[in-house]
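Reader: Could you walk me through this structure step by step? I'm in my first year, so please explain the terms as we go.
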Amino acid sequence: CHASTGYCWCVDNSGQEKAETRTPLGTQPKDCAKPDAPKTHCEEQRDRAQASIQERYPIAGVFVPRCDAQGQYLPQQCHGSTGHCWCVDSSGQERAGTRTAPGTAPVDCRKPDSAVSNNRLDSVCERWKASVIEHYGGKPDPKHYVPQCEPDGEFSPIQCYGESTYCWCVDQEGREVPGTRSHDDVKPACLPSVAPPIIRPVTRPDVTPPTNTDVTLLYAQGQKIGALPLNRTRLDAARSKTLLTLHGSIVVGIAYDCKENKVYWTDLSARTINRASMASGAEPEMLINTNLVSPEGLAVDAKRRLMFWVDSNADVIESADLDGSRRRTLFDSDLVNPRAIIVVSSTGSLYWTDWNREAPKIETSTVEGQDRRVVVSDGIGLPNALTYDFSSGQICWADAGTKRLECISPNGSSRRVINSGLNYPFSMVYYSNHFYYSDWRRDGVIAVSKDSSKFTDEYLPEQRSHLYGITIATTHCLPGSH
């Protein structure tokens, strides 16, 4: 057993862990003296959930069921990360009307359904799910589609057909997002459309300046922007802190203006673009709050005082002055799932990714929207992350489908693989011969050396949830950025 985490497992006579014997804290450890017995339905579901957390792309806040010593479902199940609780029947199906929100007393699962029917969290997803389960007599097969709901009743951003690899993204109404359908083992890169519930009391939004350092990584994590200082090229976890708390937001794209020391971000929940000074006590400022549906990637051109962003639902790329004025559409055609965007000030060039499942690509144009062309369209799958290597003049991307970090010259030549063992990258930035990317499987920041191609460092925030955009803030503008 591991003392600090509470995990236990069985080993063979050479000390090697026996497959499928690991149990988490609070569950009955396996009897390692007994021969392996067939798993119960609860044990199978629990082990699949744990595997999705440890080995694959995890759906945000994945639920791990609790089983008793005999492998049967405990009558009461709770979601560890949100505090929602509910009762289940012997097959693990949720009993209608038993779900309770965090901070409220759970129902007595020994009572019949009629005694708890007034506690139901009534949402579109839960109602749809209940009707489908009822339609199949309470026991739908894995081949049947059953809506997947978050603990707060909202639709999970990714929906799958039973236990298959047939998956797609949905909006907050449960409608399929065009261009996201997948039959691959790698699930589509879906973003939530509803901010997670706030469980504990919170303070007003505040900017907390990072400690006095030359270089700081800024990363978006749900309802906050975190600051992670670099010590040369190492991640200085001891000095990490929350830079900005934004309650009810889903911060996705993030960019930095080195001339005015301001951070910019897109908010997927409020459908806005915002900024705040990094100075102590600064207040967030909303720049754009109209005609945005799903604003994701964001880039700032400090030299020209412009910002650029993609909207993955409206399928457009737009630009505006840094105060939100003079907004204009650069492209509104031949885009399906645009995600990352960067601007190279020194050359006046834009680059962006499109993880269209049918034809993923990386494109470029001038900052004025001229000379649009494809840079890469072969050998890519889910190009989520994009950055620019000023030392070599190459465009580099991290792909959640191919698991590769690659670089290429803007003219399409000199393509090379830096690392082919990534997990599930989302956003990336380059600095001092290192790539720093946010990872959905590890829920952290990972560092890769360009010279050795090896992983050199990682930072895992205490609060475990998906990290989205990542950028770099410096006390002076870097070469080529102004």
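Reader: To start, what share of the contacts in the protein chain with a separation of 6 or more comes from residues 24 or more positions apart?
Author: Residues 24 or more positions apart supply 42% of those contacts in the protein chain, where only pairs with a separation of 6 or more are counted, and a contact means heavy atoms within 4.5 Å. Please keep in mind that this is a predicted model, in which local features need pLDDT of at least 70 and side-chain atom pairs count only at pLDDT 80 or more, while totals for chains, interfaces and linings use all residues. Residues are numbered from 1 along each chain as its sequence is written, and side-chain values use heavy atoms, with hydrogens and water left out.

Reader: ok, and how many helices and strands are there?
Author: The protein chain has two helices and 29 strands; these are DSSP runs numbered from the N terminus, with helices being H or I of at least four residues and strands being E of at least two.

Reader: Which strands make up the open sheet that begins with strand 25?
Author: The order is 25-26-27-28, four strands with antiparallel pairing, and two strands count as paired if DSSP finds at least two bridges between them.

Reader: Why is one side of strand 25 and of strand 28 left without a neighbour in the sheet?
Author: Strand 25 (425-431) and strand 28 (455-459) are at the edges and have a single partner strand each, so one side of each lacks a neighbour in the sheet.

Reader: How many bridges link strand 25 and strand 26?
Author: Six bridges link strand 25 to strand 26 (residues 434-439), in the antiparallel sense, and one bridge pair is Pro425 with Asp439 of strand 26.

Reader: What sits in the loop between strand 25 and strand 26?
Author: Asn433 has its place in that loop, and its phi is positive, near 60 degrees, although Asn433 is not a glycine. Most residues other than glycine have a negative phi.

Reader: Is Asn433 buried, exposed or partly exposed?
Author: Asn433 counts as partly exposed because its relative accessibility is 27%, given that buried means under 20% relative accessible area, exposed over 50%, and partly exposed in between (1.4 Å probe, protein chains only).

Reader: Changing topic, what about strand 19 and strand 20?
Author: Strand 19 and strand 20 form a hairpin with six residues between them, and Gly369 in the turn has a positive phi of about 90 degrees. Strand 19 (residues 361-366) and strand 20 (residues 373-376) run antiparallel and are joined by three bridges, including the one between Glu363 and Val374 of strand 20.
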